[in-house]
Amino acid sequence: MGRQMYSGRRSLALASALVIAGGLTTGCGGDGQDSAGGNKASNGAVTLTWGMWASGTEDRNAWQKVADQVTQKYPNIKITLETSPFKDYFTKLGTRLAGGSAPCVVSMQSLRTGGYVSGMRPLDDLIKKNGLDTADFDTSIMAGLASGGKQYALPYDVGSLIITYNKDMFKAAGVPEPKVGWSVADFEAAAKKLTTGGKYGFVGYPSALGMFSMILAKTGNAEPMDESGKLTLTTEQMKAGFQWYADLTAKQGVSPKIPGVDNNFTETQFLNGNAAMSVNGPWSVLELKAKAKFGVGLATIPAGPNGTKSYTAGSGFGISQSCPYPDEAFKAVSTMTSAEVLGQLGAVGRAYPARKSVQNKWYENAFEGSKPVLDAANASAKPFRTTKNWDPVEKLLAQYGIQAFNGQTTAADALDQVQQQSPA
Amino acid sequence: MSDDAIARPAAVAGRRRPRLRRDGRAAAFFAAPSMIGLTVFTLFPIVLSLVMAFFQWPAVGERTFTGLENFTTLFTDPVFRRALLNTLLFVVLYLPLNLIVSVGLAVWMGPRIKGRKALRVVFFLPVVTPMVANAIVWRMIYQPNGLIDGSLYAATGTHAPNFLGEPGWAMFAVVAMSVWQGFGYNMLVFSAALDAIPRHLLEAAQIDGAGPWRQFFRIMLPMISPALFFASTMTLITSFQVFTQPFLMTGGGPGMDTETLMMFVFDKGFSIYQYGLASAGAWILFVLILGVTAVQFVGQRRWVTYDV
């Protein structure tokens, strides 16, 4: 019995030693030509991987069409589209950049650019080499996709934050619909009047883009970050602005209490007809319109002491540092952000085009009165800049912001915590 | 077994030796696939994560050896300490509740209960339903105007607390949901253990005049103590690793009220990509679990009875 076990154990040890050695070599290998980002066939055809976020099959199909257009223009470039939901996309991307296996073509959102630049390739030399004219792109979103003076992605969409409102609820409450340039006082009066019978006039949530747009307009100058890229959440104006926004829920009661962290909270409250107004980007407006069982209207962010103010955000396509075929990848990226493609995306409402020359296409499918609102919003907006590690800030804002919104802590305390705990 | 081995003549054992060696080789061959899997997907990552814990290991860029710095960073980080305390609070609340509910229901579902098979399935359902679906349903139960708040308001005109959004409530709400989600598995284990108790023991006790409580504490509990030990050890390990419920229902909030160790590790690893810090956090959690489990194993000698 004992001997049998001994011999078994010896072979087992031998086997595991072999296996460990084998495992280590395979673990350290993988330097073949077939890198995950792209590969070249013997006939010179290049296949590139493109990482993109998509919320469903319909979304995915729309982006697949964009990929096909690259192949139509450059028959030797094939694009393999890989999609994941928006939030997971960035978790995955960071991990893959770390492993040197990121897709060649990387989709990037302006709020997150700073955190991923170390894994991305600056495009300036390729823009120059290919003589690409970038003057047609909206300058605020070009700035949003740049970092440290280098351009890391070319934008496909851009959007200034605006208010979406439920036309039916406004009519039922006898409240006049908001006009371009309406004020914070108008907004508060409307929200108060609309809050009746278990329904709310507005729905707020401590998510950066929407909340800081409202705070910027209300205070006229409070911004979450200074010129040097440091968080400035604890300034007096910011605390006052944040308190005002939180009190829409906590004190004024014109916005519903928040049941814990829920990134879809404002959208579900608005679509359920439980709240008459919410802050949104034009990228979600046409989808909201399609889903809503009521009339959707657009308004500018209510104006404070310094007039109408808003932030812009948007997304674009860049190239990963590990991509072995940057020239082909750049051809793909410039096709994907060409006037032709962006015009098509705009026409179907998939994106508010980042190219000024084709922005009119978006309005073909949009609704009445949206053009003056978006024009006013765009004219008053500045790019929303973020710190290098933005995701933790966003998470902390939700964790502590909810307490402030629900009236269990003051804005000052919540902001102190977020500022203190945010990674530098 | 041992008698047999002694009685076996030495010659027989000697004759069988070559075949045994061949068996060993064959065994190694058959074991190879799982050994390779174990090495590549388990041992290698474990060793690598231990190495990473001593490095400053960003996702992209220079990796530098920093010794114990990651560990000192963690222990001086108030958020980490808070996450550690929250995890302990979760374990202290969850483990006893889970065991009480699962033992209680297993005892209640005795052989005389009609439809006990169907009931077992019903109670086991939450274990097999995806956690995401459970979390969404429980959020609807907890939220303002949700099931609890809505029915309380309709009945009494007062509002229930905002369970997931209020400090002081959120952790209890997460524990309650976790108990509902997790007790079914232990209940099945206990139910099987209770069924294995010889009827005559309970009958003898009954004849001797032992009431239901006495039967429970003096016979049932000691008889299922091995199952109790198994269930409490496994539940303790998984409850230290609690992640999905707070991640989906509260996101760690309000404030830091439901931020657990695993969430902390996840954030460090996949939100700011500090793999060294994340690995160090994971190893602290591992040592903690190892320590507590070791204490349980030592302690079991006092209360677990293996003889019938």
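Two strands are taken to pair if DSSP finds at least two bridges between them. The legends below use pairing in that sense, and the structure they describe is a predicted model.

**Figure 1. Tyr165(A) and its partners in the sheet β10-β9-β11 of chain A.** Tyr165(A) stands opposite Met277(A) in β10(A). In β11(A), the bridge partner of Tyr165(A) is Gly297(A). A further bridge partner in β11(A) is Val296(A), which is matched with Asn166(A). Strand β9 of chain A covers residues 162-166 and pairs with β11(A) in the antiparallel sense over 4 bridges. The pairing of β9(A) with β10(A) is also antiparallel, over 4 bridges.

**Figure 2. The open three-stranded sheet of chain A and its edges.** The sheet is open, has 3 strands in the order β10-β9-β11, and is paired in the antiparallel sense. β10 (277-280) and β11 (296-299) of chain A are the edge strands; each has a single partner strand, so one side of each has no neighbour in the sheet. From one strand to the next the twist averages 30°.

**Figure 3. Burial of β9(A).** Of the 5 residues of β9(A), 5 are buried, so the strand is largely enclosed by the rest of the structure. The cut-off behind this statement is 20 or more other C-beta atoms within 10 Å of the residue's own C-beta atom. Both faces of β9(A) are covered. On one side the buried residues are Ile162(A), Thr164(A) and Asn166(A), and on the other they are Ile163(A) and Tyr165(A).

**Figure 4. The hairpin formed by β1(A) and β2(A).** Strand β1 of chain A (residues 38-40) pairs with β2(A) in the antiparallel sense over 3 bridges. Within this pairing, Asn39(A) stands opposite Thr47(A) in β2(A). The hairpin has 5 residues between its strands. Gly44(A), which lies in the turn, has a positive phi of about 90°.

**Figure 5. Parallel pairing of β2(A) with β3(A), and the crossover between them.** Strand β3 of chain A (residues 77-84) runs parallel to β2(A), and 8 bridges join the two. Thr49(A) stands opposite Thr80(A) in β3(A). Between these strands the chain passes through helix α2 of chain A (residues 57-73), and the resulting β-α-β crossover is right-handed.

**Figure 6. β2(A) in its surroundings, with β4(A) as a parallel partner.** Strand β2 of chain A spans residues 46-53, and 7 of its 8 residues are buried, so the strand is largely enclosed by the rest of the structure. Strand β4 of chain A (residues 105-109) runs parallel to β2(A) and is joined to it by 2 bridges. Here Gly51(A) stands opposite Val106(A) in β4(A).

**Figure 7. Packing of α8(B) against α11(B).** Two packed helices are described by the angle between their axes and the distance between the axes. Helix α8 of chain B (residues 170-195) and helix α11 of chain B (residues 225-240) have axes that come within 10 Å and cross at roughly 170°. This crossing angle makes α8(B) roughly antiparallel to α11(B), because angles over 145 degrees count as such. From α8(B), the residues that meet α11(B) are Asn186(B), Val189(B), Phe190(B) and Ala193(B). Their counterparts in α11(B) are Ala227(B), Phe230(B), Ala231(B) and Thr235(B). By class, the contact of α8(B) with α11(B) has 6 nonpolar, 2 polar and no charged residues.

**Figure 8. The side of chain B that touches chain A.** In this interface, 40 residues of chain B are in contact with 38 residues of chain A. Three helices of chain B, α2 (10-52), α6 (131-142) and α13 (261-270), each supply at least two residues of the side that touches chain A. The largest share of that side, 13 residues, comes from α2(B). By class, the side of chain B that touches chain A has 23 nonpolar, 12 polar and 5 charged residues.

**Figure 9. Chain A as the setting for the strand views.** The secondary structure of chain A comes to 18 helices and 13 strands. Its C-alpha trace spans about 85 × 60 × 45 Å along the principal axes. Chain A has 424 residues, and buried residues make up 52% of them. Among contacts in chain A between residues at least 6 apart in sequence, 72% join residues at least 24 apart.

Notes. Residues are numbered from 1 along each chain as its sequence is written. Chains are lettered from A and ligands numbered from 1 in the order in which they are written. This is a predicted model: local features need pLDDT of at least 70, side-chain atom pairs count only at pLDDT 80 or more; totals for chains, interfaces and linings use all residues. Axes are lines fitted to C-alpha atoms, for helices over the stretch in contact, and angles run from 0 to 180 degrees between N-to-C directions. A residue is buried if 20 or more other C-beta atoms lie within 10 Å of its own, exposed if 12 or fewer, and partly exposed in between; C-beta atoms are placed from the backbone. A crossover is right-handed if, with the strands pointing away from the viewer, the path from the first strand over the helix to the second runs clockwise. Two residues are in contact if their C-beta atoms, placed from the backbone, lie within 7 Å. Ala, Val, Leu, Ile, Met, Phe, Trp, Tyr, Cys and Pro count as nonpolar, Asp, Glu, Lys and Arg as charged, and the others, Gly among them, as polar. Angles under 35 degrees count as roughly parallel, over 145 as roughly antiparallel, 65 to 115 as roughly perpendicular and the rest as oblique.
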